[in-house]
Amino acid sequence: MRVSVVIITWNGRGHLEKCVSSLAEFISRPDVEAIVVDNGSCDGTAGWLKASFPDIRLIELDENKGVAFARNRGLEVATGDYLLILDNDTVVTAEALDGMMAYMESQPEVGICGCRLVDNKGTVQESCKKYPGLIQKILNVLNGSRYRYAYGTNMMQHAFEPEYLIGACQLIRRKAYEEVGALDEHIFIGPEDADFCLRIRKKGWHVMYLPQFTITHCCQRITNRHLFSSLGRKHISALFYLYKKHKRLI
């Protein structure tokens, strides 16, 4: 198998319908498999997917144990040489995915890449980020719902290597994944993507942001908007876990 597409969802059937529909052409290819992990949804997601896309492998979890836990259940059964992680609120094109694949095959030292993400209005999102240390997180909170663009919008017009790529879209080389291992399930929601990229970099692989390829991401930014909600508190707890794990606060 050339590519395994892994999507997790939790009570996001409306987003998932758009995401999977946009993937229909790509996942119909004989060398592509699609895996959806339902993180304990109660909105009819599983029934809809079985009826509408029976060829997609569905993994149904009894409860929501977090992003890393769910993604790992999909990744552990994936068979592709490349592993494509997507959020359920992305809308993709085969052209963008093919472009990312071609790039990875031409750059064997790259372990993971991600493309430019835009919202429904075409606004470029901050999908390539610096280490989520205390200063970065405080600045993000103070900035509210606006994107801060830690690397600057000029830099984001060109391919470069950031510290990490957000998990909404990550194309991972299997060899790099096998060297690094699974996502850290101690992290319920964010920054599992930062931790994963940091571990890939420590193994000597490159992490690349590719703005020449674009997909749409209806980013919900739940933890920024509801900092002291249950999910917000879990995010904050995960950040301090990350700081201890990597012995780095900023």
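How many bridges join strand β6 to β10, and do the two run parallel or antiparallel? There are 8 bridges between β6, which covers residues 110–118, and β10, and the two strands run parallel. Before I go on, a reminder that what you have on screen is a predicted model.

Okay, let's stay with that pair for a second. If you want a spot to click on, take C115, which stands opposite L210 in β10. Strand β10 itself covers residues 206–217, and β5 pairs with it too. Here we get 2 bridges, and β5 and β10 run antiparallel. The residue to look for there is T90, standing opposite H217 in β10. For anyone new to this, strands of a sheet pair through backbone hydrogen bonds, either parallel or antiparallel.

Now zoom out to the whole sheet. It's an open one, made of 8 strands, and the order goes β3-β2-β1-β4-β9-β6-β10-β5, with mixed pairing. The edges are β3, at 57–60, and β5, at 90–91; each has a single partner strand, so one side of each is left without a neighbour in the sheet. Elsewhere in that order, β1 (residues 3–9) and β4 (residues 82–87) run parallel and are joined by 6 bridges. In that pair, I7 stands opposite L86 in β4.

Right, on to a helix: α5, residues 134–143. Which residues of α5 are buried? Those are Q136, K137, N140 and N143. They cover an arc of only 125° around the axis, which puts them on the same side of α5. Turn to the other side of the helix and you find I138 and L142 exposed. So the buried names here are Gln, Lys and Asn, while the exposed ones are Ile and Leu. Then, just after α5, G144 takes a positive phi of about 65°.

That brings me to the surface. L134, I135, I138, L139, L142, F240, L249 and I250 make up a nonpolar patch, and together they have about 790 Å² of accessible area. Helix α5 gives the largest share of the patch, 5 residues. One member, L134, is found in α5 and has a relative accessible area of 32%, so it counts as partly exposed. Another member, F240, is partly exposed as well, at 48% relative accessibility.

Keep F240 in view, please, as it takes us to the rings. The model has 6 aromatic pairs. Take Y131 and Y243: their ring centres are 6.2 Å apart and the planes sit at 50°, so that pair is tilted. Y131 lies in the loop between β7 (128–129) and α5, and Y243 lies in helix α9 (residues 230–246), so the pair ties together parts that are 112 residues apart in sequence. Both of these tyrosines, Y131 and Y243, are buried.

Next, F240 with Y243. Here the ring centres are 5.6 Å apart with the planes at 75°, so this pair is edge-to-face. Both residues lie in α9, 3 residues apart, which is about one turn of the helix. Y243 has a relative accessible area of 4%, so it is buried. Put the two pairs together and you have Y131, F240 and Y243 linked into a cluster.

So, to wrap up on one residue: F240 belongs to the nonpolar patch on the surface, and F240 is also part of that ring cluster. Thanks, that's my bit.

Terms used. Residues numbered from 1 in each chain as written. Predicted model: local features only at pLDDT ≥ 70, side-chain atom pairs only at ≥ 80, totals over all residues. Heavy atoms only, no water. Patch = residues over 30% accessible without salt bridge, like charges linked within 9 Å, V, L, I, M, F, W, Y side chains within 5 Å. Areas by Shrake-Rupley, 256 points an atom, 1.4 Å probe, with all protein chains shown as cover. Salt bridge = Lys/Arg side-chain N within 4 Å of Asp/Glu carboxyl O. Helix = DSSP H or I, 4+ residues; strand = E, 2+ residues; numbered from the N terminus. Buried < 20%, exposed > 50% of the residue type's maximum accessible area, 1.4 Å probe, protein only. Arc of directions from axis to C-beta. Pairing = 2+ DSSP bridges. Phe/Tyr/Trp six-rings, centres within 6.5 Å; stacked < 30°, edge-to-face > 60°.
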